[in-house]
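Biologist: Please take a close look at the C-terminal part of this model, and then place it in the setting of the rest of the chain.

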Amino acid sequence: MTLLLDNQFPPIPESKEINTKAFLESVSHLPPFFDCLGSKVFAPIKADINRNIIKIKSVYDSDPVKYETLQQILLAEKSIHGSEWPKAGATLALMWLKRGLRFIQILLESLADGERDDDNPILIRINITKAYDQALKRYHGWIVQKVFKAALFAAPCRSDFLKALSKNQEVAEEDCLCKVRQFLINFTATVDAIYEMYYTMNAELDYQV
Ligand code: 0SG
């Protein structure tokens with residue numbers, strides 16, 4: 001999988017300031033992963049995440065020194081956008097992207113923790129639903145919740161998902177989950193730091209789409 005096993009997120013420093021260039025490099029491996037999931041239902045999700053990344057990248061590319069860290073982007077945009085902020089620019093894109101990242105984190109944690117639906121142990125719907133309920137549902141109105149339900153039924157079964165995580169090679173489940181746990185260390189620290197930054201800077205919004 002181009003997403004996980006070969007592309008660990010870098011560790012974050014004690015200051016918890018996240019380097020924008022390194023972050024963009026890490027998240028750039030997420031969209032291609034959707035092509036391994038085997039259904040066109042995931043195309044809008046891939047497009048949404050791609051749009052978030054492109055928006056953050058275009059701000060960064062406009063002045064890599066000024067926007068060296070994600071914190072610097074939020075601070076600068078707060079003064080640039082005035083009363084529109086935080087519903088503007090890369091701040092808005094990262095607000096949504098971090099929710100998708102939290103979804104991925106919870107999904108992987110749930111799989112690594114061995115959570116299963118005893119009635120349907122070959123499926124991962126229980127893991128996906130847990131991630132959705134905790135990371136995204138509160139921000140979605142009923143139409144988008146219906147899109148989620150469609151995506152849920154198109155989701156690959158457990159073995160195919162783990163295979164996709166392993167670059168479509170057959171690997172022992174426990175080996176794959178071991179790598180997932182390793183991946184989650186820096187990934188979770190990064191997502192937590194972004195959430196903390198939004199909380200500290202009062203940049204989190206609670207509306208539904
Ligand atoms: C095994 C895989 C299972 C997958 C299950 C998928 C579950 C998720 C299904 C949800 C489907 C959501 C589809 C898209 C929804 C979008 O409407 C929302 C809101 O999007 C934001 O809206 C944009 O992202 C913003 O873009 S911006 O860059 O230009 O700023 C902006 O347009 C904003 C509108 O703002 S407003 O003007 O109103 O202020 N997006 C989401 O909810 C994020 C969905 C992320 C899903 C991540 C799933 C990852 C699956 C990974 C599997 C390993």
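Modeller: The account below begins with the C-terminal part and then moves to the cysteines, the annotated domain and the backbone.

The model is predicted, so local features are reported only at pLDDT of at least 70 and side-chain atom pairs only at pLDDT 80 or more, whereas totals for chains, interfaces and linings use all residues. Residues are numbered from 1 along each chain as its sequence is written, and side-chain values use heavy atoms, with hydrogens and water left out.

V180 belongs to helix 9, which spans residues 173-200; helices here are DSSP runs of H or I with at least four residues, strands are runs of E with at least two, and both are numbered from the N terminus. The relative accessible area of V180 is 1%, and this residue is therefore buried. The term buried denotes a value under 20%, exposed one over 50%, and partly exposed anything in between, for a 1.4 Å probe and protein chains only. Between V180 and L162 there are 9.6 Å in space, C-alpha to C-alpha, and 18 residues in sequence. The segment after helix 9 contains N202. This residue is exposed, with a relative accessible area of 65%, and has a positive phi near 55° although it is not a glycine.

The cysteines come next. A disulfide is counted when two cysteine sulfur atoms lie within 2.5 Å, and the whole structure has zero of them. For C157, the closest cysteine sulfur belongs to C176 and is 13 Å away, so a bond is ruled out by distance. C176 is likewise in no disulfide, as the nearest cysteine sulfur, in C178, is 9.7 Å from its own. C176 is buried at 1% relative accessible area, while C157 is partly exposed at 22%.

As for the domain, an unreviewed UniProt entry annotates residues 18-166 as "domain: Glycolipid transfer protein". UniProt positions follow the numbering used here, feature names are shortened, and annotations may be inferred rather than shown by experiment. This span is 67% helix and 0% strand, and its end C-alpha atoms are 27 Å apart.

Two further backbone details remain. W85 and P86 are joined by a cis peptide bond, with omega about 15°; P86 is in the loop between helix 4 (70-81) and helix 5 (89-112). In the segment before helix 1 (20-27) lies K16, a residue other than glycine with a positive phi near 65°. K16 is partly exposed, its relative accessible area being 36%.
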